[in-house]
Amino acid sequence: NRRMWGVPSNNRSSVWYSKLLSPGKPPEWSAAFSITTPRSDGDIVAISSMDEKVVLFSKTAIFILAGDGPNNLGRGGTFVGPRKVAIGVGCVNRSSVVTGPFGIIFQSEKGLYALGRDLQVNYIGSKVEDHITGDNDVSSAVLLEEKSQVRFTLNAPGQTQLKTLCYDYFHGVWTVAAPNSSVVKNTISSTVTNSKHTYLGSDGYITRDVAAAVYD
C-alpha cells in the first residue's frame, strides 16, 4: 500500500509504517504511525504482504493487518488489526519468507510452511525437512514464476556442497539441487536478476543459472 514497514529495535513486538511513499523522496516516519502486537506472542521476526494484507510473523503466531491506513497527516483511514490467523506456528528466519501465487512460504520451528490466500497454514516441507536442521540454515528464498518454482538456498554449519531446495508449487514437488561446485559451498544470499537465479557465495563468488549448461 505504498508504504515501508519496519520493526523498531527497542520494541520488537510492534511495527512502524511510513507515510505514503512519493517518487524521489525518502521514506518519512512518524512515531504515531505504529501498531503493537501482544507481547505474549513474542518479537516480530518478519513482515510480508499478500494481496491487500500486511502479514506479521512472530516465532509462534501470524497476524494480518488490512486497510489503507491514514494519510500523511494521520487522518482518514486506519489499519484493521492485528488479527491473529495462526497460533503455535510462526517464522524463525526472515530470510526464508517468500510471496507468490501460493501465498507466503516461511520457515517455522517445525519446518517449511505455507500461508495460503485463504489464510490457512499448511506444512509443505516434509520431503526436505532433513536438509534444514537449524533456524538460520536458509539464507534466501526467491520466486521464479516462469518456472513455477520457489528456491531456498542453504548456509548450514559444516555444509561442504552448494545446495538449493527447489519447490515446484504447481505440482507440489520438491527437488534438491546439489551441483559439484569446487568454488561455492555456501550462499550468503540470492536474488533473481534478469529472470536468472543469482547467488552470492560466502567466499565472495557470484554465480547464476545458465539454462543451456550443466554447471552454473
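Trainee: Let's start with Lys 53: which side chain does it meet in a salt bridge?
Mentor: Bear in mind that this is a predicted model, where local features need pLDDT of at least 70, side-chain atom pairs count only at pLDDT 80 or more, and totals for chains, interfaces and linings use all residues. Residues are numbered from 1 along each chain as its sequence is written, while side-chain values use heavy atoms, leaving out hydrogens and water. A salt bridge puts a side-chain nitrogen of Lys or Arg within 4 Å of a carboxyl oxygen of Asp or Glu. Lys 53 passes with 3.3 Å, N to O, and its partner is Glu 52.

Trainee: Is Lys 53 buried or exposed?
Mentor: Buried means under 20% relative accessible area, exposed over 50%, and partly exposed in between (1.4 Å probe, protein chains only). Glu 52 has 46% and counts as partly exposed. Lys 53 has a relative accessible area of 14%, so the label is buried.

Trainee: How many salt bridges does that rule give, and which residue pairs with Lys 84?
Mentor: The count comes to 3 salt bridges. The one at Lys 84 has N and O 3.0 Å apart, and the partner is Asp 41.

Trainee: How many residues separate Lys 84 and Asp 41 in the chain?
Mentor: A strand is a DSSP run of E with at least two residues, numbered from the N terminus. Lys 84 belongs to strand S7, and Asp 41 to the loop between strand S3 (34–36) and S4, so by that definition the pair has one end in a strand. Lys 84 is partly exposed at 34%, whereas Asp 41 is buried at 10%. The pair links distant parts of the chain, and the separation is 43 residues.

Trainee: How far apart in sequence are the parts tied together by Arg 117 and Asp 51?
Mentor: Their closest N and O atoms are 2.9 Å apart, which makes a salt bridge under the rule. Arg 117 is partly exposed at 37%, and Asp 51 is partly exposed at 46%. Arg 117 lies in the loop between strand S10 (111–115) and strand S11 (121–123), and Asp 51 in the loop between S4 and S5, so the separation is 66 residues.

Trainee: On to the rings: what kind of pair do Phe 57 and Phe 106 form?
Mentor: Rings of Phe, Tyr and Trp (its six-membered ring) pair if their centres lie within 6.5 Å; planes under 30 degrees apart are stacked, over 60 edge-to-face, and the rest tilted. That gives 10 aromatic pairs. For Phe 57 and Phe 106 the centres are 4.9 Å apart and the planes at 45°, so the pair is tilted.

Trainee: Which strands hold those two rings, Phe 57 and Phe 106?
Mentor: Both residues are buried. They sit 49 residues apart, in strands S5 (residues 53–58) and S9 (residues 103–108).

Trainee: What is the strand order in the open sheet of 3 strands?
Mentor: Two strands pair if DSSP finds at least two bridges between them. S16 and S17 are joined by 6 bridges, and S17 (residues 196–201) pairs with S18 over 3. The pairing is antiparallel, in the order S16-S17-S18.

Trainee: Which residue in S18 stands opposite Thr 198?
Mentor: Thr 198 has a neighbour across S16 and S17 as well, standing opposite Thr 191. In S18, the residue facing Thr 198 is Arg 208.

Trainee: What phi does Asn 194 have in the turn of its hairpin?
Mentor: Most residues other than glycine have a negative phi. Asn 194 is not a glycine, yet its phi is positive. At 66% relative accessibility Asn 194 counts as exposed. S16 and S17 form the hairpin with 2 residues between them, and phi at Asn 194 is about 50°.

Trainee: And which residue has a positive phi in the turn between S17 and S18?
Mentor: That hairpin has 4 residues between its strands. A positive phi of about 95° belongs to Gly 204.

Trainee: Last one: what is omega at the cis peptide bond?
Mentor: Most peptide bonds are trans. The cis bond joins Gly 81 and Pro 82, and Pro 82 lies in strand S7 (residues 80–87). Its omega is about 10°.
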